[in-house]
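Student: I've got a new model open and I'd like to talk it through. Can we go step by step?

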Amino acid sequence: MSEVRVIKKYPNRRLYDTAISRYITLEEIRQLVLDSRPFQVIDKRTHEDITRSILLQVIAEQEQGGDPIFQTDLLKHIIRFYGDPMQGSISRYLELSMQMFLEKQQQFSDQMRHMLGRAEQPFYHLRELAEEHVPIWRTVRREFLKNLGRDSAAANAKRKND
């Protein structure tokens, strides 16, 4: 495992990468994350670990771009959990959800790589994968139509009563 890279944040708000002996930007911090390079950001004056706050700045910078991950309503919900007795639970829930998402994403990528690696009939394997999910979609469709029928019947009954 590679050594943890130390980034020092100076009072002038600049970030100094001690591994390469130069100032770096938030974009370069983002690249360290993308490259899975371990690093820690230390406040030069207080010697506090401020890695989380720097990562939040990277996220804020990315959110300003074209296609944000965190929609306004989600951010409001997250803000409401601060100070709430459930704050620790939501943190753990989000962490576990992301972990599960990453695992499923990896499984899907592995399945696609495995199927498409068999160049003789890749569409056959894609069809097999789709067929595995047909029962789920049928159940969802059936429940949707059942609820749609109930809503329609209720609306018709209301019109008759009006």
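## Talking through the fold

Tutor: Sure, and keep in mind that this is a predicted model. Let's start with a side-chain pair: Arg 5 and Asp 17 make a polar contact through their side chains, at 2.8 Å.

Student: Is that Arg 5 buried or exposed?

Tutor: Arg 5 sits in strand 1. Its relative accessible area is 15%, and the cut-off for burial is under 20%. So Arg 5 counts as buried.

Student: Which residues is Arg 5 in contact with, leaving aside neighbours within four places in sequence?

Tutor: One of them is Asp 17, the partner in the polar contact. Pro 38 is another, and its C-alpha lies 6.1 Å from that of Arg 5 although the two are 33 residues apart in sequence. The full set is Asp 17, Ala 19, Ile 20, Leu 32, Arg 37, Pro 38, Phe 39 and Gln 40.

Student: Which side chains of strand 1 point to the face opposite Arg 5?

Tutor: In a regular strand the side chains alternate between the two faces of the sheet. Here Arg 5, Ile 7 and Lys 9 share one face and are buried. The side chains on the other face, which are not buried, are those of Val 6 and Lys 8.

Student: Lys 9 is a lysine, so what relative accessibility makes it count as buried?

Tutor: Lys 9 belongs to strand 1, and its contacts beyond four places in sequence include Leu 15, Val 41, Ile 50 and Ile 54. Ile 42 is also in contact with Lys 9, and their C-alpha atoms are 6.1 Å apart with their positions 33 residues apart along the chain. Burial needs a value under 20%, and Lys 9 counts as buried at 19%.

Student: How many bridges join strand 1 to strand 4?

Tutor: Strand 1 covers residues 5-9 and runs parallel to strand 4. Within that pairing, Lys 8 stands opposite Ile 42. Strand 4, residues 39-43, is mostly covered, with 4 of its 5 residues buried. The number of bridges joining strand 1 to strand 4 is 5.

Student: And do strand 1 and strand 2 run parallel or antiparallel?

Tutor: These two are joined by 3 bridges. One facing pair is Ile 7 and Asp 17, the latter in strand 2. The direction of the pairing is antiparallel.

Student: Which residue in that hairpin takes a positive phi?

Tutor: The hairpin has 5 residues between its strands. The residue to look for is not a glycine, and it lies in the loop between strand 1 and strand 2. At 71% relative accessibility it counts as exposed. With a phi of about 75°, that residue is Arg 13.

Student: What is the phi of Ser 21?

Tutor: Ser 21 is found in the loop between strand 2 and strand 3. At 49% relative accessibility, Ser 21 counts as partly exposed. Ser 21 is not a glycine, yet its phi is positive, at about 55°.

Student: Zooming out, what pattern does the chain follow along its sequence?

Tutor: The chain has 162 residues, of which 14% count as buried. Of its contacts with a separation of 6 or more, 38% are between residues 24 or more positions apart. Its secondary structure comes to 5 helices and 4 strands. Read along the sequence, the pattern is β-β-β-α-β-α-α-α-α.

Student: Which elements give two or more residues to the lining of the largest pocket?

Tutor: That pocket holds about 1500 Å³ of space and has 27 lining residues. Leu 55, Leu 56, Ile 59, Phe 70 and Met 98 lie nearest its centre. The elements that give two or more residues are helix 1 (26-34), helix 2 (51-63), helix 3 (72-81) and helix 4 (87-117).

Student: How many residues in that lining are nonpolar?

Tutor: Sort the lining by class. The charged residues number 5 and the polar ones 3. The nonpolar count is 19.

Terms used. Residues are numbered from 1 along each chain as its sequence is written. This is a predicted model: local features need pLDDT of at least 70, side-chain atom pairs count only at pLDDT 80 or more; totals for chains, interfaces and linings use all residues. Side-chain values use heavy atoms; hydrogens and water are left out. On a 1 Å grid over the protein atoms alone, a cavity is a set of points where a 1.4 Å probe fits but cannot get out, and a pocket is an open set with protein on both sides within 12 Å along at least five of seven lines; lining residues have an atom within 4 Å of a point. Grid points are joined across faces, edges and corners, and a volume is the space filled by probe spheres set on the points. Ala, Val, Leu, Ile, Met, Phe, Trp, Tyr, Cys and Pro count as nonpolar, Asp, Glu, Lys and Arg as charged, and the others, Gly among them, as polar. Buried means under 20% relative accessible area, exposed over 50%, partly exposed in between (1.4 Å probe, protein chains only). Two strands pair if DSSP finds at least two bridges between them. A polar contact is a pair of N or O atoms within 3.5 Å; within protein, one must be able to donate a hydrogen and the other to accept it, and residues adjacent in sequence count only if both atoms are side-chain atoms. Contact means heavy atoms within 4.5 Å.
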